[in-house]
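Open the model in a viewer with the cartoon representation on. The selections below go from the sheet to its helices and then to single residues.

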Amino acid sequence: EIEAVAANGANVAGAAQRMGDLLESIGYVDVLPLNGSDIVEFTVVFYADGFEDAARRMAEDLDLFADFVAPLADAPTVPDLPDTAELVVYIGPDRA
């Protein structure tokens, strides 16, 4: 079971909750909705070490381009992000 976070970087109310609900509807479990600190242009799936393949699967599940996957160290700040997070989908207005 992958620990996934949906982070709202779109400045659109409810975007993280909606993304979390969508991910749970396709098989991800207990997706944590949070607000990101930065507004971003596009949705990107960020991954912890060892989870690049899982991030690519999540990007595919969300119909994102494969290029929209990056290491978690490159992600914008997400206050309250648990240390155990393995995948973070940082939501831009394209998916809000």
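This tour of a predicted model lists what to select and what is found there.

**The sheet**

Start with the strands. They form an open sheet of five, in the order 2-1-5-3-4, and the pairing is mixed. Select residues 32–35 and then 69–71: these are strand 2 and strand 4, the edge strands, each of which pairs on one side only. From one strand to the next, the twist averages 25°.

Now select residues 4–8, which make up strand 1, together with strand 2; the two pair in the parallel sense, over four bridges. For one position in this pairing, pick Ala 6: its bridge partner in strand 2 is Pro 33.

**The helices**

Select residues 15–25 next. This is helix 1, which packs on the sheet and touches strand 1, strand 2 and strand 5 (87–91). Compared with the direction of strand 1, that of helix 1 makes an angle of about 150°.

Move to residues 52–61, helix 2. Helix 2 lies across strand 1, strand 3, strand 4 and strand 5. To see its orientation, add strand 3 (44–47) to the selection: helix 2 runs at about 160° to strand 3.

**Asn 8 and its surroundings**

Return to strand 1 and select Asn 8, which lies in that strand. Is Asn 8 buried or exposed? Its relative accessible area is 7%, so Asn 8 counts as buried, the cut-off being under 20%.

Which residues is Asn 8 in contact with, leaving aside its neighbours within four places in sequence? Show Gly 14, Ala 15, Ala 16, Leu 34, Asn 35, Gly 36 and Ile 91. Of these contacts, Ala 15 and Ala 16 fall within the range of helix 1, while Leu 34 and Asn 35 fall within that of strand 2. Ile 91 belongs to the range of strand 5.

Then display the side chain of Asn 8 and the backbone nitrogen of Asn 11. A polar atom of that side chain lies 3.4 Å from this nitrogen.

**Two loop residues with positive phi**

Stay on Asn 11, in the loop between strand 1 and helix 1. Its relative accessibility is 66%, so Asn 11 counts as exposed, the cut-off being over 50%. Phi of Asn 11 is near 60°, a positive value in a residue other than glycine.

For the last stop, select Asp 30, in the loop between helix 1 and strand 2. Phi is positive here too, near 50°, and Asp 30 is likewise not a glycine. With a relative accessibility of 61%, Asp 30 is exposed.

Definitions and conventions
Residues numbered from 1 in each chain as written. Predicted model: local features only at pLDDT ≥ 70, side-chain atom pairs only at ≥ 80, totals over all residues. Heavy atoms only, no water. Pairing = 2+ DSSP bridges. Axes fitted to C-alpha atoms, helices over the stretch in contact; angles between N-to-C directions. Contact = heavy atoms within 4.5 Å. Buried < 20%, exposed > 50% of the residue type's maximum accessible area, 1.4 Å probe, protein only. Polar contact = N/O pair within 3.5 Å; in protein donor to acceptor, adjacent residues only side chain to side chain.
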